[in-house]
Amino acid sequence: MSTEEENAIEAAAAARRERLRALRAAQELLETPDDAADNNNTNEDDDENDVQMKFRNYLPHDKQLQEGKVAPPVLPKFEDPIATLPPVEEKKEDPFLNIAPKKPNWDLRRDVQKKLDKLEKRTMKALSQLMEEEEKKRKMAEEDAGNGGDDMGVLVHQ
């Protein structure tokens, strides 16, 4: 099997080489006209002596070489869409306001905050106890008013 695969690979490579040779020959025919096919050897010598150099960033001192100077490319104008928009006006703040604290006693509050939290819990607990006691007194007063309304009147008259 390996020999069959190798033969197939070699055949494909040979076919590719033939195609490349045909492409090179076609390219040479396109580059050289029919009349110049005979003078092909003499043109090669002339090409070596008549070399055209192009200078983009360098200006040579020789007058003949200065003719090969290429003009710099013209770049298209770039319009920045962000630059055309008017700048957004921001509120100007006084920079000294950020330096000083907003409230002069912020550090005292920070230090006492734990104690304030404990007092708040105790206050809430005390308020709930007072409300419960008042409700108990109301219920007792309602029970006394409902059950012993006659007794009260008798006690007052005696």
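Let me begin with a term: a residue counts as partly exposed when its relative accessible area lies between the 20% under which it is buried and the 50% over which it is exposed. Glu18, at 48% relative accessibility, therefore counts as partly exposed. Please keep in mind throughout that the structure shown above is a predicted model.

I turn to the overall picture. The chain holds six helices and zero strands, and along the sequence the pattern reads α-α-α-α-α-α. Of the 158 residues, 3% are buried. The accessible surface amounts to about 16700 Å², and carbon and sulfur atoms account for 55% of that surface.

Next, helix H1, which spans residues 2-31. Which residue does Arg21 meet in a salt bridge? The partner is Glu18, with an N to O distance of 2.9 Å between the side chains. Side chains of opposite charge can pair when their charged atoms come close. In this case the sequence spacing is informative: the two residues are three apart in helix H1, so about one helical turn separates Arg21 from Glu18. As for accessibility, Arg21 has a relative accessible area of 48% and is therefore partly exposed, and Glu18, as I said at the start, is partly exposed at 48%.

Helix H1 also contains Glu4. This residue belongs to a negative surface patch, formed by Glu4, Glu5, Glu6 and Glu10. Is Glu4 buried or exposed? Its relative accessibility is 59%, so Glu4 counts as exposed.

Let me move on to helix H5, which covers residues 106-147. A positive surface patch is made up of Lys114, Lys115, Lys118, Lys121 and Arg122. Of these, Lys121 may serve as an example: Lys121 is found in helix H5, and with a relative accessible area of 63% it is exposed.

There is a nonpolar patch to report as well. Val112, Leu116 and Leu119 form this patch on the surface, and together they contribute about 240 Å² of accessible area. Leu116 lies in helix H5. Where Lys121 is exposed, Leu116 is partly exposed, with a relative accessible area of 40%.

Finally, I return to salt bridges. How many salt bridges does the count give? The count comes to two. One is the pair already described, Arg21 with Glu18. The other joins the side chains of Arg110 and Asp111, at 3.4 Å from N to O. Both Arg110 and Asp111 are exposed, whereas Arg21 is partly exposed.

To summarise, this predicted model has six helices and zero strands, with 3% of its residues buried. Its surface carries a negative patch that includes Glu4, a positive patch that includes Lys121, and a nonpolar patch that includes Leu116. Thank you for your attention.

Terms used. Residues are numbered from 1 along each chain as its sequence is written. This is a predicted model: local features need pLDDT of at least 70, side-chain atom pairs count only at pLDDT 80 or more; totals for chains, interfaces and linings use all residues. Side-chain values use heavy atoms; hydrogens and water are left out. Patches are made of residues with over 30% relative accessible area and no salt bridge: like charges are joined within 9 Å, nonpolar side chains (Val, Leu, Ile, Met, Phe, Trp, Tyr) within 5 Å. Accessible areas come from the Shrake-Rupley method with a 1.4 Å probe; for residues, only the protein chains shown count as cover. A salt bridge is a side-chain nitrogen of Lys or Arg within 4 Å of a carboxyl oxygen of Asp or Glu. Lys and Arg count as positive and Asp and Glu as negative; His and the chain ends are not counted. The place of a charge is taken as NZ of Lys, CZ of Arg, CG of Asp or CD of Glu. Helices (H or I, at least four residues) and strands (E, at least two) are DSSP runs, numbered from the N terminus. Buried means under 20% relative accessible area, exposed over 50%, partly exposed in between (1.4 Å probe, protein chains only).
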